[in-house]
Amino acid sequence: MMKPLTGIRLLFLLMIPLLLTGCGNAEKKQVKNVVASGFDQLKDLEPAAVQEYLNSENLFPNASASQASASVIEETASQFFKDFDYDIQKIHVRQNTADCALKVTTLDAAALAKDYQTEYLKQVILETANGQKSTNSSLEQHYILLNELMQQNTYDTISSDCTIYLIKTNNQWVLQKDRNLENQLTGGFLSVIANPYLLTPTETVDIYLQTLKNMDTAQMTTYLGLADTLTYSDEISQALAEALIQQVHTCFSYRVSGAQDNGTIATVNTEITSFSSKEILAQYNAKLKEYLSTSKALIDGAQGRLKKSNELLVKCITDNTATQSQSVSLSMINDGIGWKLQSNSQLGDALFGDFTSNTENPTTSSDSG
């Protein structure tokens, strides 16, 4: 027969749950203090804390060079956390591990990442147009562009759930920092910016065409591979090229009518409007014929007739107001980083019409009769 519990033994057994609860609460408090200490420093934009919670290379793992100045990284990384806030919701402690559920407020990284990809693609296109053999994709250049976007634009903040994990080592709770935590604290920027389908084929074509429209004479000539086509003679090449590019700036417009996308290859259907090369050449041939029928053409001699025909061509280009439109299917490929335009020749043909197919100076016909 069991002996009845004495008063002291009974009191001890009743106190065990309370003692265990007290220990659990003490552990939770320690965990909370560790989380709060780190995240409060992040809110205060402490440089050490910013660097501690954000690996500088993780934002742009595809950068060609992994070195960037500390000041650029610090300034850019701080932009991520200028509106950062957090609220600890729940803490679970299990022996030497713990997890903490929070509600965090971060900038809207999805919008920022899309803006970044747009501006970066513009830079790549312009670097090609400026004749650069390779694009500047160094880590520092990435950070400079990202910093400019965050300073120039205002991004909304979003609230999301975040879970962080801690391990107890040498009787101290240590917050586990990894890529997943960085991604959560940056509003998902790391995962969004790494998505090769962030920009659709249609959005990518829009960036190409808008950037192309704003290029100067040298850039457009290089980008479309028209250096030989737009160089007719030493004395007229610059005037002719500038007149044609000005016509593009005046007349160029486009409309996207649809797209087909199988994941790695896409076709974007567009209708491109530019100056009417047929109308320009028709006007030119008429004026040239009229000039050649005069006695002045005979007096001018061969060199004079060539000079006059060149002047007529430039004037016909400059005075032109006629446009023409054509359907152009642009082929795109996704290289695992984003969508790329496979060829620029279709754009050159659509924008310059017969001027890209006539590699000879059309004015050379002026002395054929």
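Helices (H or I, at least four residues) and strands (E, at least two) are DSSP runs, numbered from the N terminus. The model is predicted, so that local features need pLDDT of at least 70 and side-chain atom pairs count only at pLDDT 80 or more, while totals for chains, interfaces and linings use all residues. Residues are numbered from 1 along each chain as its sequence is written, and side-chain values use heavy atoms, with hydrogens and water left out.

**Exercise 1.** Locate T106 and describe its surroundings.

*Solution.* Begin with the element: T106 lies in strand β2, which covers residues 97–107. Next, take its exposure: T106 has a relative accessible area of 1% and therefore counts as buried, a term that means under 20% relative accessible area (1.4 Å probe, protein chains only). Finally, list the contacts (heavy atoms within 4.5 Å): once neighbours within four places in sequence are set aside, T106 touches F84, D156, T157, I158, Q184, L185 and G187.

**Exercise 2.** Work out the strand order of the open sheet that contains β5, and what packs on it.

*Solution.* Four strands make up this open sheet, in the order β5-β6-β7-β8 with antiparallel pairing, where two strands pair if DSSP finds at least two bridges between them. Because β5 (253–261) and β8 (339–341) each have a single partner strand, they stand at the edges, and one side of each is left without a neighbour in the sheet. Eight bridges join β5 to β6 (residues 265–275), and one bridge pairs G258 with N269 in β6. Helix α10 (residues 237–251) packs on the sheet, touching β5, β6 and β7 (323–334), and its direction makes about 105° with that of β6, the axes being lines fitted to C-alpha atoms, for helices over the stretch in contact, with angles from 0 to 180 degrees between N-to-C directions.

Methods. Buried < 20%, exposed > 50% of the residue type's maximum accessible area, 1.4 Å probe, protein only.
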